[in-house]
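Work through these exercises with the structure open beside you. Try each task before you read its solution.

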Amino acid sequence: MSEIIYIFSDGACRGNPGPGGWGTLLKYNLIEKELYGAEAESTNNRMELMGAIMGLEALTKSSDVVLTTDSKYVKNGITEWMADWKLRGWKTAAKKPVKNKDLWLRLNEACQTHQITWKWVKGHSGHEENERVDKLANKAIDEMLNRNNL
């Protein structure tokens, strides 16, 4: 592992639940790649998770990654809460089933071959890449709604 790959991810939802979108930006040296997608019925947290998942799943080899999100849910979930969820059989401290377990498992799997530094930035605060992935997430929703005439 040598060069660092920077991933910026975001999710958006119109209604919660409602139409949702995610956006991801990968930066490696001077190369940039934008990814985005949408679901007709989702939640904000699911879309935040999808942004991170899709960024990591786009990597083709083991890498040093700095992943930046504006979601404390995603950052804290993967860096602080997941170990305890696993120990408790995917239950929260309140003994309730962990929400979005399917995506947490997918994110956990996507993390396995990489060295990842997780960073949090305040959303809608002028952070250039975060604003860009927010626009991608909303573009995904707009394109899906237009395509489906919703």
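**Helix 4 and ground rules**

Helix 4 (residues 128–147) lies across strand 1, strand 2 and strand 3. It runs at about 135° to strand 2. Helices (H or I, at least four residues) and strands (E, at least two) are DSSP runs, numbered from the N terminus. Axes are lines fitted to C-alpha atoms, for helices over the stretch in contact, and angles run from 0 to 180 degrees between N-to-C directions.

This is a predicted model, where local features need pLDDT of at least 70, side-chain atom pairs count only at pLDDT 80 or more, and totals for chains, interfaces and linings use all residues. Residues are numbered from 1 along each chain as its sequence is written, and side-chain values use heavy atoms, with hydrogens and water left out.

**Exercise 1. Lay out the sheet**

Task: find the order of the strands, then place helix 1 on them.

Solution.
- Step 1. The order is 3-2-1-4-5, in an open sheet of 5 strands with mixed pairing. Two strands pair if DSSP finds at least two bridges between them.
- Step 2. Look at the edges. Strand 3 (31–42) and strand 5 each have a single partner strand, so one side of each lacks a neighbour in the sheet.
- Step 3. Check the twist. Neighbouring strands are turned by 20° against each other on average, direction ignored.
- Step 4. Add helix 1. It packs on the sheet and touches strand 1, strand 2, strand 3, strand 4 and strand 5. Its direction makes about 155° with that of strand 1.

**Exercise 2. Examine strand 4**

Task: list the partners of strand 4 and decide how enclosed it is.

Solution.
- Step 1. Strand 1 and strand 4 run parallel, joined by 6 bridges. I4 stands opposite D64 in strand 4.
- Step 2. Strand 4 and strand 5 also run parallel, with 6 bridges. Here T69 stands opposite W120 in strand 5.
- Step 3. Strand 4 is largely enclosed by the rest of the structure, because 5 of its 6 residues are buried. Buried means under 20% relative accessible area, exposed over 50%, partly exposed in between (1.4 Å probe, protein chains only).

**Exercise 3. Compare two residues**

Task: describe the surroundings of S9, then of N100.

Solution.
- Step 1. S9 lies in strand 1. It is buried, with a relative accessible area of 0%.
- Step 2. The bridge partner of S9 in strand 4 is T69. Contacts of S9 (heavy atoms within 4.5 Å) beyond four places in sequence include G23, G51, L67, D70 and N130.
- Step 3. N100 sits in the loop between helix 2 and helix 3. It is buried too, at 15%.
- Step 4. The side chains of N100 and R46 share a polar contact of 3.0 Å. Such a contact is a pair of N or O atoms within 3.5 Å; within protein, one must be able to donate a hydrogen and the other to accept it, and residues adjacent in sequence count only if both atoms are side-chain atoms.

**Exercise 4. Trace the cores**

Task: say which element supplies the largest share of the largest nonpolar core.

Solution.
- Step 1. A nonpolar core is a set of buried Ala, Val, Leu, Ile, Met, Phe, Trp, Tyr and Cys residues joined through side-chain atoms within 4.5 Å.
- Step 2. The largest one has 28 residues. Among those touching the most other members are I7, L56 and W118.
- Step 3. Helix 1 supplies the largest share, 6 residues.
- Step 4. A second, separate core of 5 residues includes A12, I141, M144 and L145.
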